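Visitor: Before we begin, may I see the structure that we shall discuss?

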Amino acid sequence: MGIREDRLKADWEETKEALECSGGNMAAAARKLGLAASTVKSRIASHPPIDPYPIVPGKSVNYKGNGAINSVWATGKNMGRVTPEQIISGITDALLDYKPPAPLKTALKGNVSLLGLLPLADLHMGMRAWNRETKGIDWDTTIATKKYRRGIDSLVSRMPRCKKTVVLVAGDLCHADNYHQSTTNPDSHHIVDVDGRYPKIFRASTDIVLFSVDRALETADEVEVVCLPGNHDAATMAGVSYCLEMRHLNNKRVTVTNSDCPHWFSEWGINMLACTHGDKLKMKTMGAYMADQGSEIWGRTKARYGFLGHLHSKTVQSGPGVQLEILPTPCAPDSYASSHGFSAMRMFQVMVYDKKTGLRDTITELLL
Ligand SMILES: [Mn+2]
C-alpha cells in the first residue's frame with residue numbers, strides 16, 4: 001500500500017469514528033474533526049461502506065448505494081448491531097418452545113362409516129311464479145331445472161366419499177298432480193300456478209331425481225332413493241318412483257324405496273333417520289311416532305333425526321331423544337306462498353352421518 005492509500009485509509013478511519021460518535025451527523029463530525037463539511041462529505045462519497053451494519057446509538061441511518069448517509073432519524077431505542085446471523089438465531093430461539101400439533105388423524109379411513117343424506121324437499125317442479133306478483137324471482141320448469149342441477153352439483157362436489165348416499169325425495173316433488181292443475185286431493189280445489197302441461201311436469205320431476213341419483217353415485221358406493229308422497233304429488237310420486245325402479249332394475253348400486261308408505265325409517269350405526277312430508281304427520285308427534293312405529297331401531301340407536309318437509313322453512317327442534325328438522329326448500333315462492341308471507345331462504349342441504357359418531361357435517365347451498 002502506498003503513501004496515498006495509507007493517507008486515504010487514515011482519513012476514512014477518523015471520519016468514520018467521528019460519524020459514529022456524532023450519531024451519523026455529517027456537520028457534527030466535520031466540526032469534531034475541524035474540517036469543512038464538504039470535506040467530510042467528499043470522504044464519505046469516495047469511500048465504500050465499511051460496515052454494512054453500523055452501530056448508531058439511538059439513531060437510524062439510511063445509506064446511499066455508495067455508502068454516503070442519506071438520512072438520519074432518531075429511534076426510541078438503541079438496537080445496537082444486529083447481523084443476519086443474530087436474526088436467524090433469534091428466530092430459532094423463539095421457535096424452540098413451539099411444539100407443533102400432532103398430524104391430524106385422517107378422518108376418512110376408507111368410507112365404510114359414512115352415510116350421505118341428500119334431501120330433495122318440496123322442489124315443486126312445474127310451478128310458475130311471476131316476480132311482479134310475488135316479489136320473489138321469476139320461476140318456471142326451465143329455471144328450476146337449471147338452478148337445481150347447479151345446486152346439486154355444488155353440494156355433491158363438496159361431499160366426502162360415502163359408503164352410501166340416500167337421495168330423500170321428501171314430498172311435493174312437483175307442484176300440480178294432474179291435468180287439472182291441482183294438488184293431489186281434488187276436493188281441496190287447490191288450483192296452483194303451473195308451467196306447462198302435466199307430462200312436461202312429470203318428466204321434469206323424474207329427471208331431476210334421476211340427475212341427483214347419477215350425481216350421488218359419483219361419491220358413494222351405493223345409493224338409495226326414497227320417494228315419499230306429499231300433498232301436491234302423491235299420484236305423480238307413485239309414477240316417478242316406479243320410473244326409478246325400472247331405470248335401476250339391473251343396477252346393484254341403486255335401490256329404490258317407493259312411495260307406498262308416506263313415512264320412512266332407517267338405521268345407520270348409532271343413527272336413526274326418519275322422514276315424512278309433514279302435511280299429515282306433524283312435527284309435534286313425529287318423535288313419538290318414530291319411537292312407536294320404529295321402536296326396534298329407536299332402541300338400538302343413540303342419535304335420532306327426524307325430517308319433515310311441507311313448510312319450506314328450515315326449523316330445528318330438539319325433543320326427548322330425537323332432533324327434528326323441517327327441511328328448507330330451494331323452490332321460489334308462488335303467488336300463494338308469497339301472499340302468505342312464506343319467503344324463507346331457498347336452499348339445498350346435505351348431511352353426512354358417521355356410524356359411530358352421528359351427524360358429522362351439514363353442507364348447505366343457497367339458491368340465489
Ligand atoms: Mn306440502
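Guide: The questions below concern helix packing, a sheet and a single residue in this predicted model.

Visitor: How are helix 6 and helix 7 oriented to each other?

Guide: Helix 6 spans residues 141-157 and helix 7 spans residues 198-216, and their axes lie 10 Å apart. The angle at which they pack is about 10°. Angles under 35 degrees count as roughly parallel. The orientation of helix 6 and helix 7 is therefore roughly parallel.

Visitor: How many residues in the contact of helix 6 with helix 7 are nonpolar, polar and charged?

Guide: Helix 6 contributes T141, T145, Y148, R149, I152, D153 and V156. From helix 7, the residues they meet are K200, I201, A204, I208, F211, S212, R215 and A216. By class, this contact holds 8 nonpolar, 3 polar and 4 charged residues.

Visitor: Where on helix 9 do the buried residues lie?

Guide: In helix 9 (residues 283-293), M286, G287 and M290 are buried. Viewed down the helix axis, these buried residues fall within an arc of 90°, so their place is one face of the helix.

Visitor: Which exposed residues are on the face of helix 9 turned away from its buried side?

Guide: The buried side of helix 9 is covered by elements including strand 7 (263-268), strand 8 (271-276) and helix 10 (295-300). The face turned away from that side carries exposed residues, namely K284, T285 and D292.

Visitor: Which strands stand at the edges of the open sheet?

Guide: The open sheet has 5 strands with mixed pairing, in the order 7-8-9-11-10. An edge strand here has a single partner, so one of its sides is left without a neighbour in the sheet. The strands at the edges are strand 7 and strand 10.

Visitor: Which residue of strand 11 stands opposite Q317?

Guide: Strand 10 (315-319) and strand 11 (322-326) both help to cover the buried residues of helix 9. These two strands run antiparallel and are joined by 5 bridges. Opposite Q317, strand 11 places L324.

Visitor: Is E365 buried, exposed or partly exposed?

Guide: E365 belongs to strand 13 (residues 358-366). Residues up to four places away in sequence aside, E365 touches G151, S154, L155, M347 and F348. A residue is buried if 20 or more other C-beta atoms lie within 10 Å of its own, and exposed if 12 or fewer do. E365 has 19 C-beta neighbours inside 10 Å and therefore counts as partly exposed.

Visitor: What separates the C-alpha atoms of E365 and V350?

Guide: Along the chain, E365 and V350 are 15 residues apart. In space, the separation of their C-alpha atoms is 8.7 Å.

Conventions. Residues numbered from 1 in each chain as written. Predicted model: local features only at pLDDT ≥ 70, side-chain atom pairs only at ≥ 80, totals over all residues. Axes fitted to C-alpha atoms, helices over the stretch in contact; angles between N-to-C directions. Helix = DSSP H or I, 4+ residues; strand = E, 2+ residues; numbered from the N terminus. Parallel < 35°, antiparallel > 145°, perpendicular 65-115°, else oblique. Contact = placed C-beta atoms within 7 Å. Nonpolar A, V, L, I, M, F, W, Y, C, P; charged D, E, K, R; others polar. Arc of directions from axis to C-beta. Pairing = 2+ DSSP bridges.
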